[in-house]
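Here are some short exercises on charged pairs and a nonpolar patch, each with a worked solution. Have the viewer open and follow along.

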Amino acid sequence: RKEAGVTGNQLSKANERITHLEGETTILRRSGGCNVQFQPLILPQGMAASSTDVINALNEYLMQLLQEISNKEEEETKLREAAEDHKRKFAVIRHQQGLLYKEYQSERE
């Protein structure tokens, strides 16, 4: 009985966690922030999923999500560097334009 109760509690916690993770994946898909598609564990007919199989499937999904996050962080870093580079170039061009205006004004006088 005790073992059945513990297993029942673990099952309910696992189901709550799965529901929570499915909600998060739905939010990520709606926001367009995730290109990874979660594929549920496909088992032969009549075979029950063991907790090891479920954990392995979730770990694989987690690894895919972590890779996606890593890719997004790299992309963000590249974009930030490009923005800083453009800022510097813009500052140089603005300074050159100021010098040209000063030169033009001095020639006019």
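**Exercise 1.** Find the salt-bridge partner of Arg80 and work out how the two residues are placed.

*Step 1.* Arg80 pairs with Glu76, and their closest N and O atoms are 3.0 Å apart. That fits the criterion for a salt bridge, namely a side-chain nitrogen of Lys or Arg within 4 Å of a carboxyl oxygen of Asp or Glu.

*Step 2.* Both residues sit in helix H2 (residues 51-108), 4 residues apart, so about one helical turn separates them. Helices here are DSSP runs of H or I with at least four residues, numbered from the N terminus.

*Step 3.* Now for the surroundings: Arg80 is exposed at 56% relative accessibility, while Glu76 is partly exposed at 38%. The classes are buried under 20% relative accessible area, exposed over 50% and partly exposed in between, using a 1.4 Å probe and protein chains only.

Before going on, a word on the model: it is predicted, so local features need pLDDT of at least 70 and side-chain atom pairs count only at pLDDT 80 or more, whereas totals for chains, interfaces and linings use all residues. Residues are numbered from 1 along each chain as its sequence is written, and side-chain values use heavy atoms, leaving out hydrogens and water.

**Exercise 2.** Repeat the analysis for Lys87 and Glu84.

*Step 1.* The closest N and O atoms of this salt bridge are 3.6 Å apart.

*Step 2.* Lys87 and Glu84 are 3 residues apart in helix H2, which again means a separation of about one helical turn.

*Step 3.* Lys87 is exposed, with 55% relative accessibility, and Glu84 is partly exposed, with 41%.

**Exercise 3.** Which residues are linked with Asp85 in a network of salt bridges?

*Step 1.* Start from the contact between the side chains of Arg88 and Asp85, a salt bridge of 3.7 Å from N to O. The two lie 3 residues apart in helix H2, about one turn.

*Step 2.* Add Lys89: together with Asp85 and Arg88 it completes the network. Asp85 itself is partly exposed at 29% relative accessibility.

*Step 3.* To check your tally, the model holds 4 salt bridges by this rule.

**Exercise 4.** Locate the nonpolar surface patch that includes Met63.

*Step 1.* Met63 belongs to helix H2 and is exposed at 54% relative accessibility.

*Step 2.* Leu62, Leu66 and Ile69 join Met63 in the patch, and the accessible area together is about 380 Å². Patch members have over 30% relative accessible area and no salt bridge; like charges are joined within 9 Å, and nonpolar side chains (Val, Leu, Ile, Met, Phe, Trp, Tyr) within 5 Å. Accessible areas come from the Shrake-Rupley method with a 1.4 Å probe, and for residues only the protein chains shown count as cover.
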